[in-house]
Amino acid sequence: MKFGPVYKTPKTLLNKGTGFLSDYSHSLNPYTGCSFGCSYCYVRQMPVSTFRKEEWGTWVDVKKEAAEILRKELHKAKAKGKVTIFMSSSTDPYQPVEYKEKVTRSLLAVMADDPPDFLFVQTRSPLVRRDIDLLLLLKEKVRVSMTVETDLETVRKHFTPKAPPIAARLKTLELLAEAGVPTQATIAPVLPSSEAFPDKLKSLVDRVCVDDYFMGDGSGGKRTRSLGIRSLYEELGMEQWYDPAAYRIVQERLLTVFPGDKVLVSQKGFAP
Ligand code: SF4
């Protein structure tokens, strides 16, 4: 970020689950913006980003009074029916500013007090390990899904230079599992990876999800195409991986070490 975060009180925190998240009653974003700024992130083409002058990845707004707002909204939503929450759809809930701001932690505390029927935590940050105490209070009503698009650190750096290293994410999955928090490794979007990748995951998780731009960007790959992602593959001489069938390479490799029902593809892998 160029300047410090901006603090804003949101009107609402729980949004209706739609499109790719239609299996959920709600989505929940503790922040607006994302400092990881991944090259392939299609949120940069959504209104949340296009209405801003600053480039996607350079700004983050911190949601003020988030816990109090969620407490009220969650209570109301639960009175109406089943509440399943996807956190987060257009940011990473474990932004670097979360170390200090603890917005996500405050939301987890609210949910530990008054649990939704299910909470899916989608992140690529090792910081989630700080909140193991709260995640455990949600018992089987939570799953932490750690994005691990590849096992190759050079590939990770090429596509997402500002995101946390792969080794730290794998270590975090190990710590979460040891503590008893339900987890999964989410290979999304599929980036070029090695044949050894499934073996590296096998001892850490019992469930994996595979997704790519073509199935998972909500536009059949169009959004990602217009980001010019292909050139990033070409720079690595790996354009064969920029293909609607490339996920099958990873899926087949995973199926050699994981049972079929534990290798989930696209939307199924993110469902409650
Ligand atoms: S972490 Fe997620 S929301 Fe943030 S830039 Fe990367 S893909 Fe986009």
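Colleague: Let me start with a loop: between which two elements does Ser-88 sit?

Modeller: Ser-88 sits in the loop between strand S6 (84-87) and helix H3 (98-101). Helices (H or I, at least four residues) and strands (E, at least two) are DSSP runs, numbered from the N terminus. This is a predicted model, in which local features need pLDDT of at least 70 and side-chain atom pairs count only at pLDDT 80 or more, while totals for chains, interfaces and linings use all residues. Residues are numbered from 1 along each chain as its sequence is written.

Colleague: Which peptide bond leads into Ser-88, and is it cis or trans?

Modeller: The bond from Met-87 to Ser-88 is cis, with omega near 15°. Another cis bond joins Ala-188 to Pro-189, with omega about -10°. Pro-189 belongs to the loop between S9 and H8.

Colleague: What surrounds that second site? I see Glu-149 there; is Glu-149 buried or exposed?

Modeller: For burial, count the other C-beta atoms, placed from the backbone, within 10 Å of a residue's own: 20 or more is buried, 12 or fewer exposed, and anything in between partly exposed. Glu-149 has 27 such neighbours, so it counts as buried. This residue lies in the loop between S8 and H6. Contact is another C-beta count (two residues with these atoms, placed from the backbone, within 7 Å). Setting aside neighbours up to four places away in sequence, Glu-149 contacts Ile-187, Ala-188, Pro-189, Val-190 and Leu-191. Glu-149 and Ala-188 are 39 residues apart in sequence, yet their C-alpha atoms are 5.2 Å apart.

Colleague: And which residue pairs with Gly-220 at a separation of 39 residues?

Modeller: That is Pro-259, with 28 Å between the two C-alpha atoms. Pro-259 is in the loop between H12 and S11, and it is exposed because it has 9 other C-beta atoms within 10 Å.

Colleague: Now helices. How do I read which face of a helix is buried?

Modeller: An α-helix has 3.6 residues a turn, so residues three or four places apart point the same way. Take H7 (residues 166-179), where Ile-166, Arg-169, Leu-170, Thr-172, Leu-173 and Leu-176 are buried. They cover an arc of only 155° around the axis, so they are on the same side of H7. The arc is taken over the directions from the helix axis to the C-beta atoms.

Colleague: What do those buried residues pack against?

Modeller: Their partners are helix H5 (132-137), strand S8 (142-147), helix H6 (153-159), strand S9 (183-187) and helix H8 (197-202). Just after H7, Gly-180 has a positive phi of about 100°.

Colleague: Which residues of H12 are buried?

Modeller: In H12 (residues 246-255), Ala-246, Tyr-247, Val-250 and Leu-254 are buried. They fall within an arc of 105° when seen down the axis, so they line one face of H12. Their cover includes S9, H8, strand S10 (208-210) and strand S11 (263-265).

Colleague: How should I read the core?

Modeller: In soluble globular proteins, nonpolar side chains tend to be buried together. A nonpolar core here is a set of buried Ala, Val, Leu, Ile, Met, Phe, Trp, Tyr and Cys residues joined through C-beta atoms within 7 Å. The largest has 67 residues, and those with the most contacts inside it are Leu-107, Ala-185, Ile-187, Val-208 and Val-210. Helix H4 (residues 103-113) gives the most to this core, with five residues.

Colleague: What does Leu-107 touch?

Modeller: Beyond four places in sequence, Leu-107 touches Leu-28, Pro-30, Ala-66, Ala-67 and Leu-70. Leu-107 is also one of the buried residues of H4, together with Val-103, Thr-104, Leu-108, Val-110 and Met-111. They lie within an arc of 155° down the axis, so they line one face of H4.

Colleague: What is the phi of Lys-102?

Modeller: Near 55°, a positive value in a residue other than glycine. Lys-102 is in the loop between H3 and H4, and it is partly exposed, with 17 other C-beta atoms within 10 Å. Glu-65 also has a positive phi near 55°, in the loop between strand S5 (60-63) and helix H2 (66-80).

Colleague: Finally, which residues are around the ligand?

Modeller: Those with a C-beta atom, placed from the backbone, within 6 Å of it: Cys-34, Phe-36, Gly-37, Cys-38, Cys-41, Val-43, Thr-91, Asp-92 and Arg-124.
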